[in-house]
Amino acid sequence: MNSSKKEEILQIVRNASVDLLDEKKSIHDVLVDCKNVCKTLQISDENPWIDLELNGYLVKYSTRDELCQNLPSYRKTDWRFYDLYGNLISFPPDITNLFGQSTIHHSIGELETKDTVIIGSQFLDKFNNFISNHGMDYTSKNVRIHEARITQAEISQVMKGVKKRIQELLDTIISILEF
């Protein structure tokens with residue numbers, strides 16, 4: 001790679017690093033820049049997570065079990081459960097812990113535009129079956145979770161995790177190009 005191309009890529013990477021600090025800049029756009037740089041440097045295969053962040057994790061993982069096994073830790077957050085009528089359902093911590101944390105599989109572009117993420121019932125079937133089979137009393141056995149919601153605070157946690165991972169990639173690219 002010639003020195004002018006190397007300098008051009010370095011400038012793109014430095015700008016992306018600065019953009020990560022600006023809350024008004026789109027993380028999606030920074031990821032697109034990273035993808036393009038990786039493609040130019042022929043290191044795209046080493047960074048498949050970029051495509052997963054851009055397109056969402058359901059592109060590759062279709063079940064809750066697959067998501068739980070493969071999602072980065074920053075995409076596993078707390079969640080709140082609601083019934084069909086929108087009423088909050090509280091469970092003891094041991095039941096909630098049994099099923100782990102939520103799985104935020106949405107694309108980064110989608111998350112940037114949301115205040116709340118709603119997880120549909122298709123990802124809660126195992127949970128509902130467990131509750132109906134092992135509930136402590138009649139009422140708890142008949143509780144059905146209609147949806148789970150993930151708040152802005154948890155979405156922010158995901159965004160921070162993505163930003164951290166991007167910055168690590170950018171730092172690596174800078175160190176490679178500067179030597």
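Two strands pair if DSSP finds at least two bridges between them. By that criterion, this predicted model contains an open sheet of four strands in the order E3-E2-E6-E5, with antiparallel pairing. Its edges are formed by strand E3 (88–89) and strand E5 (117–119), each of which pairs on one side only.

The pairing can be followed through E6. Strand E2 (residues 80–82) and strand E6 (residues 147–150) run antiparallel and are joined by three bridges. Within this pair, Phe81 stands opposite Ala148 of E6, and Arg80 has Arg149 of E6 as its bridge partner. E5 and E6 are also antiparallel, again over three bridges. Here Ile118 is bridged to Arg149 in E6. Arg149 is thus a bridge partner of Arg80 and of Ile118. As a rule, side chains in a regular strand alternate between the two faces of the sheet.

The helical part of the model can be entered through helix H9, which spans residues 152–178. The axes of helix H3 (residues 48–55) and H9 come within 12 Å and cross at roughly 145°. This crossing of H3 and H9 is left-handed. On the H3 side, the contact is made by Trp49, Ile50 and Glu53, and on the H9 side by Val162, Arg165, Ile166 and Leu169. Sorted by class, the residues in the contact of H3 with H9 are five nonpolar and two charged, with no polar residue. The charged ones are Glu53 of H3 and Arg165 of H9.

H9 also takes part in the largest pocket. That pocket has a volume of about 250 Å³. It is lined by 13 residues, and those closest to its centre are Glu23, Ile27, Ser156, Met159 and Lys163. Which helix gives the most to the lining of the largest pocket? Helix H9 does, with six residues. Among the residues closest to the centre, Ser156, Met159 and Lys163 fall within the span 152–178 of H9.

The make-up of the lining can be set beside that of the helix contact. The lining of the largest pocket has seven charged, four nonpolar and two polar residues, whereas the contact of H3 with H9 has five nonpolar, two charged and no polar residues. H9 therefore contributes both to the contact with H3, through residues such as Val162 and Leu169, and to the lining of the largest pocket.

Definitions and conventions. Residues are numbered from 1 along each chain as its sequence is written. This is a predicted model: local features need pLDDT of at least 70, side-chain atom pairs count only at pLDDT 80 or more; totals for chains, interfaces and linings use all residues. Side-chain values use heavy atoms; hydrogens and water are left out. On a 1 Å grid over the protein atoms alone, a cavity is a set of points where a 1.4 Å probe fits but cannot get out, and a pocket is an open set with protein on both sides within 12 Å along at least five of seven lines; lining residues have an atom within 4 Å of a point. Grid points are joined across faces, edges and corners, and a volume is the space filled by probe spheres set on the points. Helices (H or I, at least four residues) and strands (E, at least two) are DSSP runs, numbered from the N terminus. Axes are lines fitted to C-alpha atoms, for helices over the stretch in contact, and angles run from 0 to 180 degrees between N-to-C directions. A crossing is left-handed if the near helix is turned anticlockwise from the far one by less than a right angle, and right-handed if clockwise. Contact means heavy atoms within 4.5 Å.
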